[in-house]
Amino acid sequence: MFTLFFAEPADIELQRLEGSPSEAGKTKQIKKALGYLSKNPKHPSLQCHKFHGFPNPYAPNQDVFVAYAQQHTPGAARILWCYGPGKQQITILAIIAHPD
């Protein structure tokens, strides 16, 4: 199991989604993906892969990854994350919409 930490942009976006009744379905899918991420970052449904162009705040030479929270949806939610700062820890850097 990994402990999830939330960078401020990710925390703000998740709170915004939680406070919006019209985003309830998306919020549920994001939380499900976060659950998979904390248990197994290599879970097949997350389709995790390296994400270029976003710096890792803990180690500039280490990778940032993107996980899919939604599939086949316009503006599908994506979760940007990295390992760290400590062992068995993952930081959620941002929750973004996939550009259409």
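# Briefing: sheet, helices, cores and salt bridges

Strand 2 and strand 3 pair in the antiparallel sense, over two bridges. The model described here is predicted. This pair belongs to an open sheet of five strands, arranged in the order 1-5-4-3-2 with mixed pairing. Helix 1 packs on that sheet, and helix 2 lies across strand 1, strand 3, strand 4 and strand 5. The largest nonpolar core has 18 residues, and the salt bridges number three.

**The sheet**

- Strands of a sheet pair through backbone hydrogen bonds, in either a parallel or an antiparallel way.
- At the edges of this sheet are strand 1 and strand 2, each of which pairs on one side only.
- Strand 2 covers residues 49-50, and His49 has Val66 of strand 3 as its bridge partner.
- Strand 3 also pairs with strand 4, again in the antiparallel sense, and this pairing runs over four bridges.
- Val66 has a bridge partner in strand 4 as well, namely Leu80.
- Side chains leave strand 3 in two directions: Phe65 and Ala67 point one way, while Val66 and Tyr68 point the other way.
- All four of these strand 3 residues are buried.

**Helix 1**

- Helix 1 spans residues 8-18, and its buried residues are Ala10, Leu14 and Leu17.
- These three lie on the same side of the helix because they cover an arc of only 60° around its axis.
- The face turned away from this buried side carries Glu8 and Pro9, which are exposed.
- Cover for the buried residues of helix 1 comes from elements including strand 1 (3-6), helix 2 (24-39) and strand 5 (89-97).
- In packing on the sheet, helix 1 touches strand 1 and strand 5.
- The direction of helix 1 makes about 55° with that of strand 5.

**Helix 2**

- Helix 2 runs at about 25° to strand 4, one of the strands that it lies across.
- Lys28 is part of helix 2, and its relative accessible area of 64% makes it exposed.
- Lys28 and Ala69 are 41 residues apart in sequence, yet their C-alpha atoms are 9.4 Å apart in space.

**Nonpolar cores**

- Within the 18-residue core, the residues with the most contacts are Ile30, Leu37, Ile79, Trp81, Ile92 and Ile95.
- Helix 1, helix 2, strand 3, strand 4 (77-83) and strand 5 each give two or more residues to this core.
- Helix 2 gives the most, with four residues.
- A second core, separate from the largest one, has six residues, among them Val64, Val66, Leu80 and Ala94.
- Leaving aside residues up to four places away in sequence, Ile95 touches Ala10, Glu13, Leu14, Leu17, Ile30 and Arg78.
- Three of the residues in contact with Ile95, namely Ala10, Leu14 and Leu17, are the buried residues of helix 1.

**Salt bridges**

- Side chains of opposite charge can pair when their charged atoms come close.
- Arg16 forms a salt bridge with Glu13, and the closest N and O atoms of the pair are 2.8 Å apart.
- Both Arg16 and Glu13 are in helix 1, three residues apart, which is about one turn of the helix.
- Arg16 counts as partly exposed, at 43% relative accessibility.
- Lys31 forms a salt bridge with Glu18, where the closest N and O atoms are 2.8 Å apart.
- This pair links distant parts of the chain, since Lys31 is in helix 2 and Glu18 is in helix 1, 13 residues apart.
- Lys31 is partly exposed with a relative accessible area of 43%, and Glu18 is partly exposed at 43% relative accessibility.
- Lys50 and Asp63 meet through their side chains in a salt bridge, with 3.5 Å from N to O.
- Lys50 lies in strand 2 and Asp63 in the loop between strand 2 and strand 3 (65-68), so their pair ties together parts of the chain that are 13 residues apart in sequence.
- Lys50 has a relative accessibility of 46% and counts as partly exposed.
- Asp63, at 34% relative accessibility, also counts as partly exposed.

Terms used. Residues numbered from 1 in each chain as written. Predicted model: local features only at pLDDT ≥ 70, side-chain atom pairs only at ≥ 80, totals over all residues. Heavy atoms only, no water. Buried < 20%, exposed > 50% of the residue type's maximum accessible area, 1.4 Å probe, protein only. Arc of directions from axis to C-beta. Contact = heavy atoms within 4.5 Å. Salt bridge = Lys/Arg side-chain N within 4 Å of Asp/Glu carboxyl O. Core = buried A, V, L, I, M, F, W, Y, C linked by side-chain atoms within 4.5 Å. Pairing = 2+ DSSP bridges. Axes fitted to C-alpha atoms, helices over the stretch in contact; angles between N-to-C directions.
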